[in-house]
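Me: I am new to this structure and would like a close look at a single part of it. Please start from one strand and then work outwards, with some care about how far the model can be trusted.

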Amino acid sequence: MTQHQRLEGDIRPGTYVIDSARSSVKLTATHTFGLKPVDATFAVRSGTVMVGQRPEQSTVSADLDAASFTTDDPRRDKDVRGKRFLAVDTHPAIGFRSTGLSRTADGWQLTGVLSIRGGSAPLTLSIVDVQPVTDGYHVRARTTVDRVAAGVGAGRALIGRHVRVTVECRVSAG
């Protein structure tokens, strides 16, 4: 079954709630000098997926908990959560609001706006997989974020500009 058939045939139209306990966002950033990549995660605070009668009518909104940023280094985590990077004290949430869903030769693309640190940047997610589960669906999507364009410009000399992102999302009927 292709991605096109999954979105059109298997997902029932309706409103779905993102299960924050079973969803996460994983990041991989690289050092400017090509050193070992750094993997991190964010917890999903909340979100809603509205599946339209036609997939193109669907919408997604989600909020991440900026303070949940976690790697294998507590000192790094504290620095990234601080004023120079995420500024979680004044910007506790990272948001995504979709503006469109379209089918391309490579599959489904979800476009939208990423809100971070009080600014916003366009973002396109590639829907990698949608699988039915007992109480809803498991959705996997990927993208690359230009962190500087998104408003996180600190650390330019050490951290690569582009961050790979994988979204693992569990949704159930709301």
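Reply: What follows starts with the confidence of the model, turns to strand E2, and then moves to the ring pair, the salt bridges and two loop residues.

The model is a predicted one, and the protein averages a pLDDT of 89, with 91% of the residues scoring at least 70. That confidence is not spread evenly, for it is lowest in helix H1, residues 3-10, where the mean is 49, and highest in strand E4, residues 59-70, where the value is 98. Over residues 1-5 the pLDDT is below 50, although this stretch still has 13 contacts in the model beyond near neighbours in sequence.

The part to look at closely is strand E2, which runs over residues 24-29. Of its 6 residues 5 are buried, so E2 is largely enclosed by the rest of the structure. Two strands pair with E2, and each can be followed in turn. With strand E3, residues 38-51, the pairing of E2 is antiparallel and extends over 6 bridges; here the bridge partner of Ala 29 is Val 38 of E3. With strand E9, residues 162-173, the pairing of E2 is again antiparallel and extends over 5 bridges; in this case Val 25 stands opposite Val 167 of E9.

Ser 24, which is found in strand E2, is a useful residue on which to pause. Leaving aside residues up to four places away in sequence, Ser 24 touches Phe 42, Val 44, Thr 166, Val 167 and Glu 168. Phe 42 and Val 44 fall within the span of E3, residues 38-51, while Thr 166, Val 167 and Glu 168 fall within that of E9, residues 162-173. The relative accessible area of Ser 24 is 18%, and because buried means under 20%, Ser 24 counts as buried.

From E2 one can move outwards to the aromatic rings, of which the structure holds 2 pairs. In one of them, Tyr 16 and Tyr 137 meet edge-to-face, with 5.6 Å from centre to centre and 75° between the planes. Tyr 16 lies in strand E1, residues 14-18, and Tyr 137 in strand E8, residues 136-146, so the pair ties together parts that are 121 residues apart in sequence. Both partners are buried, Tyr 16 at 4% relative accessibility and Tyr 137 at 2%.

The charged side chains come next. Side chains of opposite charge can pair when their charged atoms come close, and a search of the whole structure finds 8 salt bridges. One of them joins Asp 19 to Arg 22, whose closest N and O atoms are 2.6 Å apart, and Arg 22 is partly exposed at 38% relative accessibility. These two residues also belong to a network of salt bridges that links Asp 19, Arg 22, Asp 135 and Arg 170. Within that network, Arg 170 falls inside the span of E9, residues 162-173, which leads back to a strand that pairs with E2.

Another salt bridge is formed by Asp 146 and Arg 161, with their closest N and O atoms 2.8 Å apart. This pair links distant parts of the chain, since Asp 146 is in strand E8 and Arg 161 is in the loop between E8 and E9, 15 residues apart. Asp 146 is partly exposed at 22% relative accessibility, and Arg 161 is likewise partly exposed, at 41%. A further salt bridge brings together the side chains of Arg 54 and Glu 56, at 3.9 Å from N to O. Arg 54 is partly exposed with a relative accessible area of 48%, and Glu 56 is partly exposed at 31%.

Two loop residues deserve attention for their backbone. Most residues other than glycine have a negative phi. Ala 87, however, has a positive phi of about 50° although it is not a glycine, and Ala 87 is found in the loop between helix H2, residues 74-81, and strand E5, residues 93-104. At 8% relative accessibility, Ala 87 counts as buried. Arg 117 also has a positive phi, near 55°, and its place is in the loop between strand E6, residues 107-116, and strand E7, residues 119-133. Arg 117 counts as partly exposed, with a relative accessibility of 28%.

Technical notes
Residues are numbered from 1 along each chain as its sequence is written. This is a predicted model: local features need pLDDT of at least 70, side-chain atom pairs count only at pLDDT 80 or more; totals for chains, interfaces and linings use all residues. Side-chain values use heavy atoms; hydrogens and water are left out. Helices (H or I, at least four residues) and strands (E, at least two) are DSSP runs, numbered from the N terminus. Buried means under 20% relative accessible area, exposed over 50%, partly exposed in between (1.4 Å probe, protein chains only). Contact means heavy atoms within 4.5 Å. pLDDT is the predictor's confidence in each residue, from 0 to 100. Rings of Phe, Tyr and Trp (its six-membered ring) pair if their centres lie within 6.5 Å; planes under 30 degrees apart count as stacked, over 60 as edge-to-face and the rest as tilted. Two strands pair if DSSP finds at least two bridges between them. A salt bridge is a side-chain nitrogen of Lys or Arg within 4 Å of a carboxyl oxygen of Asp or Glu.
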